[in-house]
Amino acid sequence: MILLKGVSKRYAGLSAVDNINLEIPEGCIFGIIGKSGAGKSTLLRIMSLLEAPDEGEVYYRDERVDTLSPEALILKRRKIGMIFQNFNLFSSRNAAANISYPMEIAKWSKKNINERVDELLHLVQIADKRRARLRELSGGQKQRVAIARALAIHPQVLFCDEATSALDPQTTRSILALIKDLQQKLRITVVLVTHQMEVIRMTCDKVAVMDGGCIVETGKIGEIFDSPKTQAAKDLVNA
Ligand SMILES: Nc1ncnc2c1ncn2[C@@H]1O[C@H](COP(=O)(O)OP(=O)(O)OP(=O)(O)O)[C@@H](O)[C@H]1O
Ligand SMILES: [Mg+2]
């Protein structure tokens, strides 16, 4: 479970995230939706410990994690997987070497890394792309490499920031199906940020709607789609 208590973040006087209280249950796919600039990525960076909040507290289960020492933070971050719209892969490394990276940093043995890379390539269904250079991969295949890399060290949570926003509708569906499948197989928690309602509808169990740095509405997918209460939610449902 991830718990946020009164979390705020300001950039030069602008409230990117404003006093957010949120509980993300374990083992679900939780969506965060809102229009551009709503504060979704900022909130995700705080949740994934990439950035510290100006105010408030972040907990993983019962452990406070926003005030960890730099060393403890590094170890904690290894238990977190993250994927992005632009994949953030190394263009100089092939598929397998990209997936290996976090295991090299964690000083795994060559043998263990190789075995895990094989396992991961199968898991994300690109076993035939082991030695492919990045430029030889489609967007969907690149995102599969990024997912494999994110899952390499058995994280408990996978954070996705607009992970399908650069992909065509069919590839988007296949990546979302993969994320759903992996969430169930590996019993991880997935937090998915998007501005596309369709992505939320296809994937998530619960959703929080953000507007102007605040969470204006939360609920089960069906509730938000059938009876959005706030104007922000109505705009997103009717877009
Ligand atoms: N590092 C930063 N420095 C200054 N301002 C920032 C920074 N990061 C975000 N902001 C500002 O904070 C607000 C929220 O940005 P954020 O990236 O969280 O929005 P978002 O909901 O993810 O938008 P998008 O859908 O376009 O990705 C915006 O006004 C943005 O300009
Ligand atoms: Mg964003």
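Select K40 and ligand 1. An N or O atom in the K40 side chain sits 2.7 Å from an oxygen atom of ligand 1. That is a polar contact, a pair of N or O atoms within 3.5 Å. The model is predicted: local features need pLDDT of at least 70, side-chain atom pairs count only at pLDDT 80 or more, and totals for chains, interfaces and linings use all residues. Residues are numbered from 1 along each chain as its sequence is written, chains are lettered from A and ligands numbered from 1 in the order in which they are written, and side-chain values use heavy atoms, with hydrogens and water left out.

Next, add S41. One of its polar side-chain atoms lies 2.9 Å from an oxygen atom of ligand 1. Then add G37. Here a polar backbone atom is 2.8 Å from a ligand 1 oxygen atom.

Now color ligand 1 by burial. Alone, ligand 1 exposes 640 Å², and the protein buries 59% of that. These areas come from the Shrake-Rupley method with a 1.4 Å probe.

Show the full shell. It holds 13 residues around ligand 1, and S36, G37, K40, S41 and T42 come nearest. A residue counts as near if one of its heavy atoms lies within 4 Å. By class, the shell has four nonpolar, five polar and four charged residues. Asp, Glu, Lys and Arg count as charged; Ala, Val, Leu, Ile, Met, Phe, Trp, Tyr, Cys and Pro as nonpolar; the others, Gly among them, as polar.

Which element gives the most to this shell? Select helix 1 (40-47). Helix 1 supplies four residues, the most of any. Helices are DSSP runs of H or I, at least four residues; strands are runs of E, at least two.

Stay on helix 1. Six of its eight residues are buried: K40, T42, L43, L44, I46 and M47. Buried means under 20% relative accessible area, with a 1.4 Å probe and protein chains only. Just after helix 1, pick L49: its phi is positive, near 65°.

Last stop: the cavity. On a 1 Å grid over the protein atoms alone, a cavity is a set of points where a 1.4 Å probe fits but cannot get out; lining residues have an atom within 4 Å of a point. The count is one cavity of 30 Å³ or more. The largest has a volume of about 40 Å³, the space filled by probe spheres set on the points. Select its lining: C160, D161, E162, A163, T164, L176, I179, L192, V193 and V199. Strand 7 (157-161), helix 6 (169-186) and strand 8 (189-194) each supply at least two of these residues.

Definitions and conventions:
A polar contact is a pair of N or O atoms within 3.5 Å; within protein, one must be able to donate a hydrogen and the other to accept it, and residues adjacent in sequence count only if both atoms are side-chain atoms. Buried means under 20% relative accessible area, exposed over 50%, partly exposed in between (1.4 Å probe, protein chains only). On a 1 Å grid over the protein atoms alone, a cavity is a set of points where a 1.4 Å probe fits but cannot get out, and a pocket is an open set with protein on both sides within 12 Å along at least five of seven lines; lining residues have an atom within 4 Å of a point.
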